[in-house]
Amino acid sequence: MTADPCYRLAVTGDVILNTRVSRCREPAVVAALDLLRGADVTHAHLEIPLHDFDGEDVFPAAEGALSWMRGPTVVADELRALGVDLVSTASNHALDHSYGGLRSTIEALDARGLPHAGTGADLAAARAPAFADTAVGRVALVSATSSFPAFARAGAARSDFPGRPGVNPVRYLDVVDPATADRLCALAGALGLWAVRDGDEFVVHPPGLHNSIRRFRVVPGQETPSTVCDPEDLAGNLESLRYAASVADFVVAHLHVQAWDAADGRMSSTPAFAREYAHAAVESGAALVLVQGSHAPMRGIEVVRGVPVLHDPGPLFRLGRREPQPHDFYTRWGNDSRVRSFDAGLLDAFGARDTTTSGKTVLSPAEGNDHRPGFVLPVCEVDAVTHRVRTVELHPMTWSRASRATTGFPAVASDPTGRAVLDRMVALSEPFGTKITVEAGIGRVDLWSKRSR
């Protein structure tokens, strides 16, 4: 009896890459990369801008994350060499090197014929789906991020005014009870911040920065703080997903999230607004939802109406070679005049950062950025007729330490690390009611049954 036809689709977490990986011959790394190359369709999330420190308006933004990251434009060639078909670009690092770095990234991907979604010249371009016409069908991607500096949010164009380059945003509101709202407003006033009530919502922001807003919704009886999606951003993204579903065989909804669930304060807990987005994306036609970027590094797997929601498989590549940083980086982490001076070197700055972060007590979130024991690389088996995911294979991974040249590259994890990775994902998925079976060193979520045919 012939098996039903199917194809394989691989998706990745963060690709933070600034060197060539295609030349690597380390067996565990090659085995990991072969999973990407062996898939019929491969998605990669590019967390960094691509530029070569030249070009117009390429300079460090005033706001950065833990560091200002980037990769050379040749990384786009590396994505091609890994068999990547679709690239998501919406993240908190997309504008680390301002609008020039963003423009360089888009040009580098376009030059290699890599469809991409999540950033653009204005909000319409950033929110538009990307399409890859492959041998197994047309695959669409809508990419958004809930984590970004305020200036990085793309702006809509009007008939009488141009838009603004940036990321496709999914902002969110904090949901609190009336007593908490009163305390927050009082504290804002005591600190000299703007606090403005409007019905059941209020905003808090610094003086003179009325577009840099923390928004709150007041709900009587709200026992613990929570979050909800910004209605406008949610509606805009769902419209893009519905359009994608009307013209593509398979739709991937991507959301880059670095927030955590306020109810328990754990880094490995998915925030409520991300689940809201995922459920709405499924209703709007997404066949796979990828929520990632937490650096927990993993979060659990949920199944919504037969559609897998990967709340975070973990980052695929971690930056292996440290690069020059703007002076802001030195002043952020330098605790003495030597590091903060213009005579300090890169190792001084990173040494100060590592000492500073390791010596502090993280009050929130619980767990912090702990990347142990590793992550998973999901490969989906998709029915070729219905274009619905049958199973999700979870390949346990770690990061290579074979040499300095391979630092940060993904490597297939052997036991006991591989088993620890899968055990962790099993535990994280249990609250969602998702069963993961483990056999021959690979986790498996089975979505296919006679009832779903």
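**Exercise 1.** Which residue in S18 does Glu 302 stand opposite? Work out how the strands around this position are paired.

*Solution.* Please keep in mind throughout that the structure is a predicted model.

Step 1. Begin with the pair itself: Glu 302 stands opposite Val 309 in S18.

Step 2. Next, look at the two strands as a whole, where strand S17 (residues 301–304) and S18 are found to pair in the antiparallel sense, with four bridges between them.

Step 3. Then follow the chain through the hairpin of S17 and S18, which has two residues between the strands and in which Arg 305 takes a positive phi near 50°.

Step 4. Finally, turn to strand S16 (residues 288–292), which runs parallel to S18 and is joined to S18 by two bridges; here Leu 290 has Leu 310 of S18 as its bridge partner.

**Exercise 2.** Place these strands in their sheet, and decide whether the faces of strand S18 are covered or not.

*Solution.* Step 1. Write down the order of the six strands, S7-S8-S15-S16-S18-S17, which form an open sheet with mixed pairing.

Step 2. Mark the edges, which are strand S7 (130–134) and S17, since each of these pairs on one side only. From one strand to the next, the twist averages 20°.

Step 3. Add helix H6 (residues 231–247), which lies across S7, strand S8 (137–145) and strand S15 (250–256), and which runs at about 175° to S8.

Step 4. Examine strand S18 (residues 307–310), where Val 307 and Val 309 are buried on one side and Pro 308 and Leu 310 are buried on the other, so that both faces are covered.

**Exercise 3.** Is Arg 275 buried, partly exposed or exposed? Describe its surroundings as well.

*Solution.* Step 1. Locate Arg 275 in helix H7 (residues 272–283).

Step 2. Compare its relative accessible area of 33% with the cut-offs, under 20% for buried and over 50% for exposed; because the value lies in between, Arg 275 is partly exposed.

Step 3. List its contacts, leaving aside neighbours within four places in sequence: these are Thr 270, Glu 302, His 311 and Phe 432.

Step 4. Take Glu 302 from that list, and note that its C-alpha atom is separated by 9.2 Å from that of Arg 275, although the two residues are 27 residues apart along the chain.

**Exercise 4.** Which residues have the most contacts inside the largest nonpolar core?

*Solution.* Step 1. The largest nonpolar core has 66 residues, and those with the most contacts inside it are Phe 250, Phe 317 and Leu 394.

Step 2. Strand S19 (residues 375–383) gives the most to this core, namely six residues.

Conventions:
Residues numbered from 1 in each chain as written. Predicted model: local features only at pLDDT ≥ 70, side-chain atom pairs only at ≥ 80, totals over all residues. Heavy atoms only, no water. Core = buried A, V, L, I, M, F, W, Y, C linked by side-chain atoms within 4.5 Å. Buried < 20%, exposed > 50% of the residue type's maximum accessible area, 1.4 Å probe, protein only. Contact = heavy atoms within 4.5 Å. Pairing = 2+ DSSP bridges. Axes fitted to C-alpha atoms, helices over the stretch in contact; angles between N-to-C directions.
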